[in-house]
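Open your viewer, set it to cartoon view, and keep the selection box handy. We'll go stop by stop.

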Amino acid sequence: MKKLLLLFVIFGNVAFAQKLTKDELSEKLAEKACACAEKQEITKENFELTIGICLLEGINAFEKDVEKHYGKDIITNSEKMEELGYEVGKRMGLKCPTVFQFMIDEESAGGEEDFETEELSVSGKVSEIKSDQFISFVVKEDSGKNNPFILLSNFDNSYLLTDKVLKVSDAVDVFYYELELFDAKLGKFVSYKIVTDIIKK
């Protein structure tokens, strides 16, 4: 945290007053962080430091808006920094997924063929659908187990979700793969189920 504070001081205090909503601010910070991170060679070892520096650049550029929504002491307030990091991190995952490419590379390091054959599937009924920054849904198996999924890429049947054709209680077969993404709020990598196909019965 002291290092982050020092970096913040080094970047200076040149900022322009803005009038952004909290969501708009998160979008702007994600765009700026993506632009910064894409210029770097990111590895698992330097990931947190690099993203932290890029986030601080955004905080400095939109200082007034950050103060308005998160308070003046955000750099020294770990709880507020986690909240902001989580919001920005979610958007970065969609805006610049290549920043997280090193995680995919590590998953496939054992051989591309093995990685591609790792196709998983679940059958059950849709119990919940959410449309936020991205579309997520939950499929409940006959055994009662709940499986949360995230829609991150386009495929032939993705319209079932994007066009809101799929409804709660619909029976489905879901094909997916698991991907580890860094959860800034939890401060660790978390495994997510990414849907690759969905078939409505």
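Let's begin with a single residue: is Cys54 buried or exposed? Select Cys54 and switch on a surface if you like. Its relative accessibility is 1%, so Cys54 counts as buried. Keep in mind throughout that you are looking at a predicted model.

**Stop 1: the partner of Cys54**

Now add Cys36 to your selection. A disulfide joins Cys36 to Cys54, with an S to S distance of 2.0 Å. In case the word is new, a disulfide is a covalent bond between the sulfur atoms of two cysteines. The torsion about the S-S bond of Cys36 and Cys54 is about -70°, so this disulfide is left-handed. Colour the helices and you'll find Cys36 in helix H2 and Cys54 in helix H3, so the pair ties together parts that are 18 residues apart in sequence. Cys36 is buried as well, with a relative accessible area of 10%.

**Stop 2: the other disulfide**

How many disulfides does the count come to? The answer is two. To see the other one, select Cys34 and Cys96: a disulfide joins them, with S to S at 2.0 Å. The torsion about the S-S bond of Cys34 and Cys96 is about -65°, so this disulfide is left-handed. It links distant parts of the chain, 62 residues apart: Cys34 belongs to helix H2 (residues 22–37), while Cys96 is in the loop between H5 and helix H6 (101–107). Cys34 counts as buried at 5% relative accessibility, and Cys96 counts as buried at 1%. If you number the bonded cysteines along the chain, the disulfides follow the pattern 1-4, 2-3.

**Stop 3: two crossing helices**

Hide the sulfurs and select residues 47–61, which are helix H3, and residues 78–95, which are helix H5. Turn the view until you can see both axes: they come within 12 Å and cross at roughly 100°. That makes H3 roughly perpendicular to H5. Which residues make the contact? Show side chains for Ile51, Leu55 and Ile59 of H3, then for Met81, Leu84, Val88 and Met92 of H5, and add Gly85 of H5 to complete the set. Sorted by class, this contact of H3 with H5 has seven nonpolar residues, one polar and no charged ones.

**Stop 4: a strand with two neighbours**

Next, pick strand E2, residues 135–140. E2 is mostly covered, with five of its six residues buried. Add strand E1 (residues 120–131), which pairs with E2 in the antiparallel sense over six bridges. Zoom in on Ile129 and you'll find its bridge partner in E2, Phe137. E1 and E2 form a hairpin, with three residues between them.

Now go to the other neighbour, strand E3, residues 146–151. E2 and E3 run antiparallel and are joined by six bridges. Look for Lys140, which stands opposite Asn146 in E3. Here too there is a hairpin: E2 and E3 have five residues between them, and Gly144 in the turn has a positive phi of about 100°.

**Last stop: zoom out**

Show the whole chain again. The secondary structure comes to eight helices and five strands. Trace the elements from the N terminus and they run α-α-α-α-α-α-α-β-β-β-α-β-β. Of the protein's 201 residues, 35% count as buried. Finally, think about how the chain folds back on itself: among contacts between residues at least 6 apart in sequence, 65% join residues at least 24 apart.

Key
Residues numbered from 1 in each chain as written. Predicted model: local features only at pLDDT ≥ 70, side-chain atom pairs only at ≥ 80, totals over all residues. Heavy atoms only, no water. Axes fitted to C-alpha atoms, helices over the stretch in contact; angles between N-to-C directions. Helix = DSSP H or I, 4+ residues; strand = E, 2+ residues; numbered from the N terminus. Parallel < 35°, antiparallel > 145°, perpendicular 65-115°, else oblique. Contact = heavy atoms within 4.5 Å. Nonpolar A, V, L, I, M, F, W, Y, C, P; charged D, E, K, R; others polar. Buried < 20%, exposed > 50% of the residue type's maximum accessible area, 1.4 Å probe, protein only. Pairing = 2+ DSSP bridges. Disulfide = S-S within 2.5 Å.
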